[in-house]
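Dear colleague,

I am passing on the structure we spoke about, together with some notes on what turned up in it. Please look through it alongside the text below.

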Amino acid sequence: MGREFTDRDMNIFNKLAPEAGGNNISQMGHPYPFILRPISHRFAESGEDFRNRLEKLDRTDVEYLADLAIEGKEDVRGLEDEDMDSFFSVLEGISPEKLEELKDKLGMI
């Protein structure tokens with residue numbers, strides 16, 4: 001299960017999905033439990049769009065998302081396949097060590 005969004009989470013969510021207008025409530029009326037999954041499934045129109053959204057984040061935000069995923073507080077496996085690949089690619093460009101740690105945690109090494 002996800003977590004309640006912090007101010008930082010909302011800031012990142014708003015950078016990734018400005019069209020949401022600061023709203024992190026799903027169509028079912030519940031707060032999104034994760035940041036990346038609704039971006040992947042609800043907002044990004046393609047893998048390229050998802051990647052372009054991720055590239056709007058600074059290094060510390062991408063590392064923060066990776067840390068959340070390592071802690072089990074962010075869902076990476078639930079992303080569309082090409083979106084997961086995009087996240088891994090962006091993370092690799094920022095911190096190959098963090099990518100390896102995440103893949104290890106996910107059992108992908």
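How many aromatic pairs does a search of the whole structure find? The search finds four, and since this is a predicted model, please read everything that follows as computed from it.

One of these pairs is formed by Phe 13 and Phe 43, which meet edge-to-face, with 6.0 Å from centre to centre and 85 degrees between the planes. Phe 13 belongs to helix H1 (residues 7–16) and Phe 43 to helix H2 (residues 36–43), so the pair ties together parts that are 30 residues apart in sequence. Phe 13 counts as buried because its relative accessibility is 0%, and Phe 43, at 16% relative accessibility, counts as buried as well. Another pair is that of Phe 87 and Phe 88, whose ring centres are 6.5 Å apart and whose planes stand at 50 degrees, so this pair is tilted. Phe 87 is buried, with a relative accessible area of 0%, and Phe 88 is buried too, with a value of 7%.

Phe 13 and Phe 43 also belong to one aromatic cluster, which they form with Phe 5 and Tyr 32. A further aromatic ring, that of Tyr 64, has Arg 8 lying over its face, at 4.2 Å from the ring centre.

Turning to helix H5, you will find Ser 86 there, and with a relative accessible area of 9% this serine is buried. If its neighbours within four places in sequence are left aside, Ser 86 is in contact with Gly 47, Phe 50, Arg 51 and Leu 54.

The last element I would point out is helix H6 (residues 96–106), in which Lys 98, Leu 99, Leu 102 and Leu 106 are the buried residues. When the helix is seen down its axis, these buried residues fall within an arc of 100 degrees, so they line one face of H6. That buried set, a lysine included, packs against helix H4 (59–70) and helix H5 (81–94). On the face of H6 that is turned away from the buried side, the exposed residues are Glu 97 and Asp 104. After H6 comes Gly 107, whose phi is positive, near 75 degrees.

With best wishes

Note on methods:
Residues are numbered from 1 along each chain as its sequence is written. This is a predicted model: local features need pLDDT of at least 70, side-chain atom pairs count only at pLDDT 80 or more; totals for chains, interfaces and linings use all residues. Side-chain values use heavy atoms; hydrogens and water are left out. Buried means under 20% relative accessible area, exposed over 50%, partly exposed in between (1.4 Å probe, protein chains only). Helices (H or I, at least four residues) and strands (E, at least two) are DSSP runs, numbered from the N terminus. The arc is that of the directions from the helix axis to the C-beta atoms. Contact means heavy atoms within 4.5 Å. Rings of Phe, Tyr and Trp (its six-membered ring) pair if their centres lie within 6.5 Å; planes under 30 degrees apart count as stacked, over 60 as edge-to-face and the rest as tilted. A charge sits over a ring if NZ of Lys or CZ of Arg is within 6 Å of the ring centre and within 35 degrees of the ring normal.
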